[in-house]
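Please open the model in your viewer and keep the sequence panel beside it. The tour below moves from one selection to the next and says what is to be found at each stop.

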Amino acid sequence: MPTFVAKIRDTQGKSKTEKVVAANLAEARSNLRQQGFVIQDLKQSQGFDFDKFQTSLVKVTVKDKAVFSRQFAALVSAGVPIVRSLGVLSEQCSNPKLKQALMDISTDVQSGVNLSDGMRKHPDCFDGLYVSMIQAGEVGGVLDEVLNRLAKLLEDMARLQNQIKSALSYPVIVSVLAIGIFVGMTVFLIPVFAGIFKELGTELPPLTQFMMFCSETFRSWRMFVLIGGGILFKFVFNQYYKTPPGKLNIDSLSLKMPLFGDLIQKSSVARFSRTFGSLTRSGVPILTSLEIVRDTSGNQVVSNAIDAVRAEIQQGGMISIALQKENVFPPMAVQMINIGEETGELDAMLMKIADFYEDEVEQAVKALTSVLEPIMIVVLGGMVGTILMSMYLPLFKVFDKLG
């Protein structure tokens, strides 16, 4: 908890400085007044606060927000006041960053601030999508219903993220394992055989010479050069990705990647449809909804397509026509959106699109895993086999001479 420094006057009229540990400024002021002190000045300590620093490193996950939304909706539906609900949820919250945000929001609401405005002060916990839906729920008087929609939306997003992570985790783990085995065998096994080959004085084949060069590299200062080069490449890549052209180029390539491109496209369609449908169903204006969806799309190509949709709507056009021009979304999704616009049930059609493509992502993940599994096994076996072959080829030559 943060520390506050207070200049106070005690019951005997003497002024002094006191340090108070409290969740927020209001709680610190209340604690001092309960002790009978007259507060002359109260502010947060500017010294290094390890707890605050530790809290700043914590991330609020989609799952954290989904659980909070579901519990908050249950309390609001039961008629529990918002301030009381926030207090109860902050007490049992396990995420320190979200816990602190809920306590601050509770204090703001007590002072007359709207719930959405209080959440807007904590963008690390509540993004524009969340705040906009809460604001729509406050205006329409259906906060509990909007919270349930938010919980369902966040739960679906968390499930989609887990599916994609499961598809990526297998090749990443196997790749790390393969590299570790390759380096380990190169560093510890090859030098043993190198000593034997030196004593025999036999001519080494090119493959063996290459592996011995790799072994010497991994055991010398050149290894640090390789590591430094990898770190430099990662830094340059990140800096390039932060630029608008870099982000557009890399995201465009990601959609064209074999195996993974189709998965990324389907997940983007599912995320767009689920988020856009939830916003419009909650009463958020279409242009505002598209702006929020654009910022949460996670892919610059998709963001540009959504920008084109916003421009088309501002000119009186239709969403489906703009998406068809951009050629980013699959034709079936565009047609379903067109039907939703014509029938006046766009939000319902978007939810059906999201359900369909989330199932498609699940099937794509299973197919991707089934394809990658034999490929990674072959790659791992090939790396180990290459090392063993490079070690045994010189021995075969020696056996031929002895024969």
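Begin with the largest pocket, which encloses about 1000 Å³ of space; bear in mind throughout that this is a predicted model. To find the pocket, select Gln161, Lys165, Arg271, Ser297 and Gly298, which lie nearest its centre among the 35 residues of the lining. The elements that contribute two or more residues to this lining are helices H3 (62-77), H7 (128-140), H8 (143-200), H10 (222-242), H11 (244-256) and H12 (260-281). If you colour the lining by residue class, you should see 18 nonpolar, 9 polar and 8 charged residues.

Next, turn to the nonpolar interior. Select Phe68, Phe72, Leu115, Met119, Phe126, Tyr130 and Phe272, which touch the most other members of the largest nonpolar core, a set of 71 residues. The largest share of this core comes from H8, which supplies 11 residues. A second core, separate from the one just visited, has 12 residues, and Phe197, Met211, Met391 and Leu395 are among them.

Now centre the view on Phe126 and show its surroundings. Leaving out residues up to four places away in sequence, Phe126 touches Phe68, Leu98, Leu102, Ile105, Met119 and Val131. Add Phe72 and Tyr130 to the display, and you have the members of one aromatic cluster, formed by Phe68, Phe72, Phe126 and Tyr130.

Stay with the aromatic side chains for the next stop. The structure holds 9 aromatic pairs, and two of them are worth selecting in turn. In the pair of Phe182 and Phe218, the ring centres are 6.3 Å apart and the planes stand at 80°, so this pair counts as edge-to-face. Phe182 belongs to helix H8 and Phe218 to helix H9 (residues 206-218), so that the pair links distant parts of the chain, 36 residues apart. In the pair of Phe272 and Phe276, the centres are 5.5 Å apart and the planes are at 40°, so the pair is tilted. Phe272 and Phe276 are both buried, and because they are 4 residues apart in helix H12, about one helical turn separates them.

Three single residues complete the tour. Is His122 buried or exposed? With 15% relative accessibility, His122 counts as buried, because the limit for that class is under 20%. His122 sits in the loop between helix H6 (115-120) and H7, and, apart from neighbours within four places in sequence, His122 is in contact with Ala101, Asp104 and Ile105.

Select Glu312 next, in helix H14 (residues 300-314). Although its side chain is of the charged class, Glu312 is buried, with a relative accessible area of 18%. Not counting residues up to four places away in sequence, Glu312 touches Gly317, Met318, Ile321, Ala322 and Lys325.

Finish at Val80, in the loop between H3 and helix H4 (82-92). At 26% relative accessibility, Val80 counts as partly exposed. Once neighbours within four places in sequence are set aside, Val80 is in contact with Leu75 and Ser85. As a last step, draw a distance from the C-alpha of Val80 to the C-alpha of Met391: the two residues are 73 Å apart in space and 311 residues apart in sequence.

Definitions and conventions
Residues numbered from 1 in each chain as written. Predicted model: local features only at pLDDT ≥ 70, side-chain atom pairs only at ≥ 80, totals over all residues. Heavy atoms only, no water. 1 Å grid on protein atoms, 1.4 Å probe; cavity = no way out; pocket = protein on both sides within 12 Å on 5 of 7 lines; lining within 4 Å. Points joined across faces, edges and corners; volume = space filled by probe spheres on them. Buried < 20%, exposed > 50% of the residue type's maximum accessible area, 1.4 Å probe, protein only. Contact = heavy atoms within 4.5 Å. Core = buried A, V, L, I, M, F, W, Y, C linked by side-chain atoms within 4.5 Å. Phe/Tyr/Trp six-rings, centres within 6.5 Å; stacked < 30°, edge-to-face > 60°.
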